[in-house]
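Please look over the chain below before reading on. The report starts with the whole fold and then turns to single strands and residues.

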Amino acid sequence: MSGSAGFDRHITIFSDQGRLYQVEYAFKAITAANITSISLLGKDCGVVISQKKVPDRLLDASSVSYIFQLSPEVGCVATGNIADARAAVARARGEAAEFAYKYGYEMPCDVLAKRLANLNQVYTQRAYMRPLGVALTLVSLDFERGPLLYKTDPAGYFVGSKATAAGPKQQEALNYLEKKLKNKQYAPGTWEEVVELGITALSNVLSVDFKRTEIEVGVVGGGEGKLAGFRKLTEDEIEERLQAIAEKD
């Protein structure tokens with residue numbers, strides 16, 4: 001980084017302007033992955049949507065994913081370096097399982113987000129660690145508080161949102177969602193309509209008409225039975241939502 005004057009050699013040293021360049025580089029790694037994700041809440045559901053890029057035709061497409069289940073009720077979309085994402089997801093699953101074993105109930109989304117953010121902040125202090133170049137957006141349906149959405153970043157910051165985005169087109173996506181959700185507590189409609197809003201937002205921001213193999217969708221809540229917990233939509237279900245969007249247009 002120009003003007004870093006050697007302050008970026010060590011993660012534990014502040015520059016004379018009070019900046020930690022290594023942490024800023026971690027944020028650049030999120031953008032460099034060239035994957036944009038959008039997450040938003042409905043009245044009784046939460047939705048996470050991410051681009052899906054398979055870099056080689058020889059790869060098994062089903063093994064390439066940016067959406068993960070952390071516990072029966074909590075899922076996440078990881079945006080950034082996929083290797084760092086898998087390490088963060090493995091740690092998150094361990095924390096959630098340990099909490100459930102210790103206290104007898106599933107770890108709430110906000111508590112898990114805070115724990116992951118605390119770990120990320122420690123990574124900005126120790127010379128033998130490096131920040132993970134990934135932003136995790138957690139979503140769940142809490143029986144007391146309803147749908148929850150929390151985003152964590154490499155600096156150790158976490159915050160709850162009614163809609164958020166990550167990746168190279170983050171600001172454009174946020175601007176689009178702000179206009180759509182102006183003066184609203186959450187996206188209106190059923191979980192299907194919330195998914196369609198998210199896909200439309202991502203499509204408009206990237207100026208791309210998606211095929212069903214080019215995006216991933218995770219949903220929590222929105223109904224009884226299998227829709228109560230977090231799950232990923234199948235390609236057929238994604239195709240149904242794409243068809244519904246096309247019919248609206």
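What follows is a short report on a predicted model.

## Overall fold

This model is predicted. The protein chain contains six helices and 10 strands. Its radius of gyration is 18 Å, close to the 18 Å that the globule rule gives for 249 residues, so the chain is as compact as a globular protein of that length. Along the principal axes, the C-alpha atoms fill a box of roughly 55 × 45 × 45 Å.

Contacts in the chain often span long stretches of sequence. Take the contacts between residues at least 6 apart in sequence: 61% of them join residues at least 24 apart.

## Surface and charge

Of the 249 residues in the protein chain, 49% are buried. The accessible surface comes to about 12,900 Å². Carbon and sulfur atoms account for 50% of that surface.

The charged side chains number 30 positive and 31 negative. The centres of these two sets lie 5 Å apart.

## Strand β2: covered on both faces

How many residues of β2 are buried? Seven of the seven are, so this strand is largely enclosed by the rest of the structure. β2 runs over residues 45-51.

In a regular strand the side chains alternate between the two faces of the sheet. On one side of β2 sit Cys45, Val47, Ile49 and Gln51. On the other sit Gly46, Val48 and Ser50. All of these residues are buried, so both faces of the strand are covered, given that buried means under 20% relative accessible area.

## The β1–β2 hairpin

β1 spans residues 37-41. β1 and β2 form a hairpin, with three residues between them. The two strands pair in the antiparallel sense over five bridges. One pairing in this hairpin sets Leu41 against its bridge partner in β2, Gly46.

## Ser39 in β1

Ser39 lies in β1. Is Ser39 buried or exposed? Ser39 has a relative accessible area of 1%, so it counts as buried.

Which residues touch Ser39, leaving aside neighbours within four places in sequence? The contacts are Val47, Val48, Val77, Thr137, Leu149, Ala163 and Thr164. Val47 and Val48 appear again here; these β2 residues lie on opposite sides of their strand and are themselves buried.

## Strand β9 and its two partners

β9 covers residues 215-221 and is mostly covered, with seven of its seven residues buried. β9 pairs with β2 in the antiparallel sense over seven bridges. Two residue pairs show how the strands line up. Cys45 stands opposite Gly221 in β9. Ser50 has Glu216 as its bridge partner in β9.

β9 also pairs with β10, which covers residues 230-232. That pairing is antiparallel too, over three bridges. Val220 stands opposite Phe230 in β10.

β2 thus has a place in two pairings, one with β1 and one with β9. β9 in turn pairs with β10.

## Tyr21 in helix α1

Helix α1 runs over residues 21-32, and Tyr21 lies in it. Where does Tyr21 stand on relative accessibility? Its value is 3%, so Tyr21 counts as buried.

Tyr21 can also be placed relative to Arg9. These two residues are 12 apart along the chain. Their C-alpha atoms are separated by 8.7 Å.

Key. Residues are numbered from 1 along each chain as its sequence is written. This is a predicted model: local features need pLDDT of at least 70, side-chain atom pairs count only at pLDDT 80 or more; totals for chains, interfaces and linings use all residues. Side-chain values use heavy atoms; hydrogens and water are left out. Helices (H or I, at least four residues) and strands (E, at least two) are DSSP runs, numbered from the N terminus. The radius of gyration is taken over C-alpha atoms; the globule rule is 2.2 Å times the number of residues to the power 0.38. Buried means under 20% relative accessible area, exposed over 50%, partly exposed in between (1.4 Å probe, protein chains only). Contact means heavy atoms within 4.5 Å. Accessible areas come from the Shrake-Rupley method with a 1.4 Å probe; for residues, only the protein chains shown count as cover. Lys and Arg count as positive and Asp and Glu as negative; His and the chain ends are not counted. The place of a charge is taken as NZ of Lys, CZ of Arg, CG of Asp or CD of Glu. Two strands pair if DSSP finds at least two bridges between them.
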